[in-house]
Amino acid sequence: MKKLFTLTALLLSNILLGQLTTINPDTVCYQTAGSIYQVSNAPGYVYNWTILAPGVITAGQGTNQITVDWSAAAPGLIPNGVSVDAANANGCLSAASLLDVFIYDVTPTITAIGPFCETDPCVPLAANPAGGVFSGVGVVGGDFCPNVAGAGGHTITYTYTNGGCTFDATINVGVSTQPVLSPIQHN
C-alpha cells in the first residue's frame, strides 16, 4: 500500500509540475536580485531547494516557491543552477527537478562624440547593438544637439532592451561656450 501511495504521489506531483512552463535554460538578466522559481504546491510536502553558487536563496526555502539573488553571477550558463526535491509526510523523497540558468548580459557601447562648441549643429548618435534609445540633455531623437544642450558637461544614456532585460551605457560629452568679443574700437 505504501508503494502504491508513493507511486500515486510521484505521478500526481509530475502532473502538477508539468503545468508550470519554464523554458530550460531559464534566462536571467545579468545582476538580477529577485528571480522567483516555483513548483506546484502539494499539501504536506516539504521542499528542499538547491541553488548553485553564486546564486543565493533569499526567501522561501522549505516551500514550493523561492526567490534567488543572481546578482553576483557572471554571464553565461549555470548547468543545474536550480534544483528542488520534496518529501511527503511519510518521508518519501521525490526525484529532483533540475533547471539550467543562463545569465544574460549585453554590454552596449556608444560611439564617442565631441567636444563641441555650443553653436555646433546636431550630430547623429551611434551605438551597438542597434535598436536602443538615447536620452539626456541635448538629445533630440537619435541626435545630440550642442545648441540645445548648452554649455557644460552632459551625460548621454543609451538604453537597450532585449529578452526582457534592460542594459545601459553612458558617455559624457563636453560643450564649450562660444567666445564673446567686445566690439572693435578705433582709437
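Buried means under 20% relative accessible area, exposed means over 50%, and partly exposed lies in between (1.4 Å probe, protein chains only). The model is predicted: local features need pLDDT of at least 70, side-chain atom pairs count only at pLDDT 80 or more, and totals for chains, interfaces and linings use all residues. Residues are numbered from 1 along each chain as its sequence is written, and side-chain values use heavy atoms, without hydrogens and water.

**Exercise 1.** Classify Y104, F102 and F167 as buried, partly exposed or exposed.

*Solution.*
- Y104 has a relative accessible area of 18%, so Y104 is buried.
- F102 is at 30%, so F102 is partly exposed.
- F167 is at 6%, so F167 is buried.

**Exercise 2.** Describe how the rings of these residues pair.

*Solution.*
- Start with the rule: rings of Phe, Tyr and Trp (its six-membered ring) pair if their centres lie within 6.5 Å; planes under 30 degrees apart are stacked, over 60 edge-to-face, the rest tilted.
- Five aromatic pairs turn up in the whole structure.
- Take F102 and Y104: the centres are 6.5 Å apart and the planes at 35°, so this pair is tilted.
- Next, Y104 and F167 are edge-to-face, with 5.7 Å between centres and 75° between planes.
- This pair links distant parts of the chain: Y104 lies in strand β7 (residues 97-104) and F167 in strand β16 (residues 165-176), 63 residues apart.
- Strands here are DSSP runs (E, at least two residues), numbered from the N terminus.
- Ring pairs thus join F102, Y104 and F167 into a cluster.

**Exercise 3.** Work out the strand order of the open sheet that holds β5.

*Solution.*
- Strands pair if DSSP finds at least two bridges between them.
- Four bridges join β2 to β5 (residues 65-69), running antiparallel.
- Within β5, Q65 is the bridge partner of Q38.
- The order is β2-β5-β4, with antiparallel pairing.
- β2 (35-38) and β4 (56-59) are the edge strands, each pairing on one side only.
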